[in-house]
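Reader: I'm in my first year and still learning to read protein models. Could you pick one part of this one and take me through it slowly?

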Amino acid sequence: MAHACPRCGGELDRAIGSTFSHCPYCGAAVVRAGDAILERYLVPRRLTPEAARRALDRWMVGNEPSRWLAGSAQIEAPALTWLPVWYARTGDAHNTQAHQRRADAALVPEVKRRLVPPAGMRRLDGNSAPDEALPEPTITWTTFATDALADRTVVERSLVHVPFYRFQYRYRGRRYTAAVDAATGEVRPGRYPKRPGMPFVLLSVGTIATFAIADLWYGGAWFWDASRPHIVPIIYPIGWLAIILIARLFTAVF
Ligand SMILES: [Zn+2]
C-alpha cells in the first residue's frame, strides 16, 4: 500500500518502516499513525534549565498554597522530556476546532490539560530535530481519533513534540515532582505536599494557652499574692517564641 508524504506528496511506500522516519525527498519528519502517515511538529524549547528553575522558584514563593516550600525543599537539576501529543483540527474553512491528546500515558504525568502551549509550533525535519531522543507514541492515533474525532471532518492531523523540564524535589524525606513548560515557563506542579496544618494548630493553641495562663497568673498574683509576678518575664518570651515559629513556617523569612 503506497503512502504519500504529507508535505511534498512523494511516495513513501518503501521508505516507511518504523514508527518515526523521514521523507527521502523533502526531509519532512513523519510518523506512522495506523494506515496514515502524519507530519511531525515541534514546539521550540525556549527556556534553559536555569530559567526553568527560576520559574519553579517563583511559583514556590508566589503561589499561596506552596509559599512555605520556598527555601525548605531540596530541588534537583531538571530533566528535559519531550511529550508526544496527537493533534488534530476539525471543521471547515471558516471555523476549525483543535483537539489534542497525549500520545504517551507515562511521560510528564503532571501535565493533564493544555498539552500544547500557545507558543507556536514548527515543522520538524532532519535538520531541526533536537539532540535529545524524541519518545515515540505509545497511545495509538486510532484511540485518539475514535474518542475525539468521531463523525467530524478532520482538516489537519499531526504529532507534536512538546518540551517540559521535570523537577524532582524532596521535602521532609518525601519526593515530589513538578514540570515546567520549556516553551512558556508555565509551572505544572502535579501533587505537592500539603501545608503543615497540624503544627500551626498546635502552636496557635499553645500560644493562646500560654498567654492565658500568664494573664491569669499575673492577674491572680496581683489580686492575691504579690510574690508571684516574677513568672511573667519567663512565660511571655515562650509565647513570643511560638509566634515566631508560626511565622517561620509560613513565610520562610527568618
Ligand atoms: Zn516529502
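**A close look at strand 2**

Author: Happy to! Let's begin with one facing pair: Phe 20 stands opposite Val 31 in strand 2. Keep in mind as we go that this is a predicted model.

Phe 20 belongs to strand 1, residues 20–22, and strand 1 pairs with strand 2 in the antiparallel sense over three bridges. Strand 1 and strand 2 make a hairpin with six residues between the strands, and in this hairpin Gly 27 takes a positive phi near 85°.

Now look at the other partner of our strand. Strand 2 is joined to strand 3, residues 36–42, by four bridges, and these two strands also run antiparallel. Here you can find another facing pair, since Ala 33 stands opposite Ala 36 in strand 3. The link is a hairpin again, with two residues between strand 2 and strand 3, and Gly 34 in the turn has a positive phi of about 65°.

Is strand 2 itself mostly covered or mostly open? Strand 2 spans residues 29–33, and five of its five residues are buried, so by the cut-off each has 20 or more other C-beta atoms within 10 Å of its own. You can check this face by face: Ala 29, Val 31 and Ala 33 are buried on one side, while Val 30 and Arg 32 are buried on the other.

From here we can step out to the interior. The largest nonpolar core has 48 residues, and Leu 56, Phe 164 and Val 180 are those with the most contacts inside it. Strand 2 supplies at least two residues of this core, and so does each of strand 3, helix 1 (49–62), strand 5 (79–91), helix 2, strand 8 and strand 9 (174–181). Try finding Val 180 on your screen: leaving aside residues up to four places away in sequence, Val 180 touches Leu 56 and Phe 164, and its other contacts include Ala 52, Tyr 165 and Val 187.

For contrast, finish with two loop residues. Arg 114 is in the loop between strand 6 (96–102) and strand 7 (122–123). Its phi is near 50°, a positive value in a residue other than glycine. Arg 114 counts as exposed because 11 other C-beta atoms lie within 10 Å, and the cut-off for exposed is 12 or fewer. Asp 151 sits in the loop between helix 2 (141–148) and strand 8 (154–171). Asp 151, also not a glycine, has a positive phi near 65°, and it is exposed, with 5 other C-beta atoms within 10 Å.

Methods. Residues numbered from 1 in each chain as written. Predicted model: local features only at pLDDT ≥ 70, side-chain atom pairs only at ≥ 80, totals over all residues. Pairing = 2+ DSSP bridges. Core = buried A, V, L, I, M, F, W, Y, C linked by C-beta atoms within 7 Å. Contact = placed C-beta atoms within 7 Å.
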